[in-house]
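Please work through the exercises below with the sequence and the model at hand. Each task is followed by a stepwise solution.

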Amino acid sequence: MLEVVLSFVVILIVFLVLPLIVGQTEHKVMAHMQSRLGPMYAGGFHGWAQLIADGVKFAQKEDVIPAAADRRIFMIAPGVALIPYLVVLIVIPLDRDLVAVDLDLGLFFVLAVMGIGVLGSIMAGWASANKYSVLGGMRSAAQLMSYELPLVLAASSVAMAAGTLSIPGIVEAWQWWWLPWQAIGGVVFFLAGLAELRRPPFDMPIAESEIIMGPMTEYTGMRFALFMLAEYAGIVVLSFLTTVLFLGGWQGPLLPGWAWTLAKVFLLSFVVIWLRVTYPRLREDQLQKLAWAVLVPLALVQLALTGVIKVLL
């Protein structure tokens, strides 16, 4: 019992700290890439406390609920968007012996739970009694349906290669030559995960500069902050999953296993930020075409390639 409690505490600390680190990194990396200062004053040195200041600001804002909103759904939607990412971390290993729960069907569990998080945006849009928010929720639903298929197909490829649905089992089976073998699946999985998180350039349902956050338009204060935290938590979870499925997780020379896992996670988080700065937002038709005309065929090619090589081996 004590071991379970300690594991939960460690996961909770990781869940609360890593998204904040990624958020702070995004502030600084975007500022440097765009040749601007960014927030530099909060906390003194290099604005290290900017995210803490943002949290205090959100806590002080008035919590407004539209008069015509479905209050109960409106209030629980941010939690529905955030909590699934905490649940997913329970089965993701940080090192060979650092995993809270090693499920035999861990990969199936992860893919099922991650799909729930997007429902938070759909619920928020529907419950807000705002036509713009409803449209944003519908766009989120369409994007989820489009990108869930390549995500699952890519994950199925690496599970087929390892011969198990246990995430630690997949990491144990991983070999260095899987990098070129599963490269297509890794790229498809990562891009589809970004689209499910509605991160740029896949942020058409939100489009904050045009339609003002889509399904989250009516949210203020801490409820809005929970949606922002869910976004950064999603980045962390996606980076962890890509690391343990396609990059060997804790495997690597010299350094401890947990250090290799975290190094790969932070590298992928940097790539997420880099993509945001580099590419413009896709139109809705471009977004759907990328999923159905590019990622799904590539995922099927990767699945077929994995099947052929497994037969030959």
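Three exercises with worked solutions follow.

The model is predicted: local features need pLDDT of at least 70 and side-chain atom pairs count only at pLDDT 80 or more, while totals for chains, interfaces and linings use all residues. Residues are numbered from 1 along each chain as its sequence is written, and side-chain values use heavy atoms, with hydrogens and water left out.

**Exercise 1.** Determine which helix gives the most to the nonpolar surface patch.

Solution. Step 1: the patch, of about 600 Å², is made by Val5, Val9, Leu12, Ile13, Leu16, Val17, Ile21 and Phe266. Step 2: helix H1 (residues 2-33) gives the most, with seven residues; helices are DSSP runs of H or I with at least four residues. Step 3: Val5 lies in helix H1.

**Exercise 2.** Classify Val5 and Gln50 as buried, partly exposed or exposed.

Solution. Step 1: buried means under 20% relative accessible area, exposed over 50%, and partly exposed in between (1.4 Å probe, protein chains only). Step 2: Val5 has 40% and is therefore partly exposed. Step 3: Gln50, in helix H2 (residues 50-60), has 17% and is therefore buried. Step 4: Gln50 touches Gln24, His27, Pro39 and Ala42, not counting residues up to four places away in sequence; contact means heavy atoms within 4.5 Å.

**Exercise 3.** Examine two of the spans listed by UniProt as "transmembrane region".

Solution. Step 1: the unreviewed UniProt entry lists, among them, residues 258-278 and 290-312; such annotations may be inferred rather than shown by experiment. Step 2: residues 258-278 are 100% helix and 0% strand, with end C-alpha atoms 30 Å apart. Step 3: residues 290-312 are 100% helix and 0% strand, with end C-alpha atoms 32 Å apart; strands are DSSP runs of E with at least two residues.

Conventions:
Patches are made of residues with over 30% relative accessible area and no salt bridge: like charges are joined within 9 Å, nonpolar side chains (Val, Leu, Ile, Met, Phe, Trp, Tyr) within 5 Å. Accessible areas come from the Shrake-Rupley method with a 1.4 Å probe; for residues, only the protein chains shown count as cover. A salt bridge is a side-chain nitrogen of Lys or Arg within 4 Å of a carboxyl oxygen of Asp or Glu.
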